[in-house]
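Colleague: Could you take one helix of this model and go through its surroundings closely, step by step?

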Amino acid sequence: MILDGKSAAADVLDECRTAAAVLTAAGVTPGLAVVLVGEDPASQVYVSSKVRTCGELGFHSRKIVLPVATTQAELLAVVAELNADPAIHGILVQSPPPPHINEEEIIRAIDPRKDVDGFHPENVAKLVLEDPSGFIPCTPAGCMKLLEISGIPTQGAGAVVIGRSMIVGKPMALLLVSKRANATVTIAHSRSRDLPAICRGADILVAAVGRPNMVRADWVKPGAVVIDVGINRIADPTRKSGYRLTGDVAFDEVAPLCSAITPVPGGVGPMTIAMLMKNTLQAARQTAGL
Ligand code: NAD
């Protein structure tokens with residue numbers, strides 16, 4: 001089974017559109033602010049697509065593009081202004097910022113009630129505590145939603161997550177081990193010994209590394225479910241853009257072995273934006289006391 005993230009995301013977005021119309025009729029239009037510092041081409045694509053999706057759902061949005069030379073103080077001032085803006089329920093500062101920006105300080109400056117990326121320490125704590133008022137990082141939330149929509153059970157499953165970032169790997173592992181999912185989870189990373197053997201034990205294998213085609217056929221247990229979070233640009237002179245996207249999993253050789261697998265593109269990527277919209281809706285509802 002190819003796990004179609006585009007179609008699952010469309011279902012989530014339909015729900016968001018309906019819910020946004022109800023909220024708007026009650027006087028609260030969900031609002032998302034997206035801040036981009038600099039001109040990273042991949043970030044520009046992500047930011048535009050988030051703002052476009054807001055428009056499609058009837059959300060209010062603000063796109064703030066700042067020059068690459070923006071200082072830490074200037075960026076903090078923008079965040080403070082957005083924290084105080086009652087029309088904005090969600091704030092997202094697109095990662096990665098230029099190297100002179102201290103991203104951690106920026107994340108901590110965002111009002112946790114508007115931290116729809118779920119990166120603020122208060123939301124990280126709520127994830128650990130399984131407190132549903134917190135915001136769950138969009139990519140792992142999207143992976144879980146895709147498993148749920150596809151009817152893939154996680155109860156008692158052996159899951160391996162490759163990668164321990166705060167954006168994907170760690171929250172993914174926490175979601176899988178939560179009382180809702182009840183998987184038994186191993187987190188592997190760059191210092192793990194014999195990664196192929198660890199992966200071969202997985203009923204559900206999640207790859208979130210950023211190394212094209214790293215997971216090979218002999219890393220995968222026959223019948224496993226494989227979630228490929230990786231988005232890697234590799235040179236492709238046959239494309240107009242000069243590149244194509246590939247995941248962390250060698251799809252062509254792994255897919256025939258799996259019971260289910262996400263493609264790249266069209267798997268986890270669309271789910272990430274859908275969950276961002278869901279989080280923004282949650283923020284708007286919570287602000288309105290609903
Ligand atoms: P990161 O660089 O912050 O983390 C990568 C992790 O992989 C680290 O924890 C590291 O320990 C581990 N790692 C590195 N080399 C390894 C190796 N040889 N063996 C085992 N583990 C290794 O990256 P990230 O932000 O977590 O993103 C990971 C990938 O997911 C990237 O390709 C990124 O583009 C993609 N991503 C996709 C989405 C989406 O919407 N689909 C969202 C976020 C990130």
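Modeller: Contact here means heavy atoms within 4.5 Å, and the model in front of you is predicted. The part I have chosen is helix α6, which covers residues 138-149. Its 12 residues, at 1.5 Å a residue, should span 16 Å, and its end C-alpha atoms are 16 Å apart, which agrees with that expectation.

As for its environment, 10 of the 12 residues of α6 are buried, so the helix is largely enclosed by the rest of the structure; buried stands for under 20% relative accessible area. The buried residues are C138, T139, P140, A141, G142, C143, M144, K145, L146 and L147. They pack against two helices from distant parts of the numbering, α1 (5-25) and α10 (268-287), as well as against helix α7 (169-177) and strand β7 (225-228). Just after α6, G151 takes a positive phi of about 70 degrees.

One of these partners, α10, also gives the most to the largest nonpolar core, with 10 residues. That core has 56 residues, of which L176, V206, V225, I227, V229 and M277 touch the most other members. Leaving aside residues up to four places away in sequence, M277 touches L13, C16, L32, K50, T53, C54, L57 and F59. A second, separate core of 19 residues includes V160, A188, M214 and A255.

Notes: Residues are numbered from 1 along each chain as its sequence is written. This is a predicted model: local features need pLDDT of at least 70, side-chain atom pairs count only at pLDDT 80 or more; totals for chains, interfaces and linings use all residues. Side-chain values use heavy atoms; hydrogens and water are left out. Helices (H or I, at least four residues) and strands (E, at least two) are DSSP runs, numbered from the N terminus. The expected span of a helix is 1.5 Å times one less than its number of residues. Buried means under 20% relative accessible area, exposed over 50%, partly exposed in between (1.4 Å probe, protein chains only). A nonpolar core is a set of buried Ala, Val, Leu, Ile, Met, Phe, Trp, Tyr and Cys residues joined through side-chain atoms within 4.5 Å.
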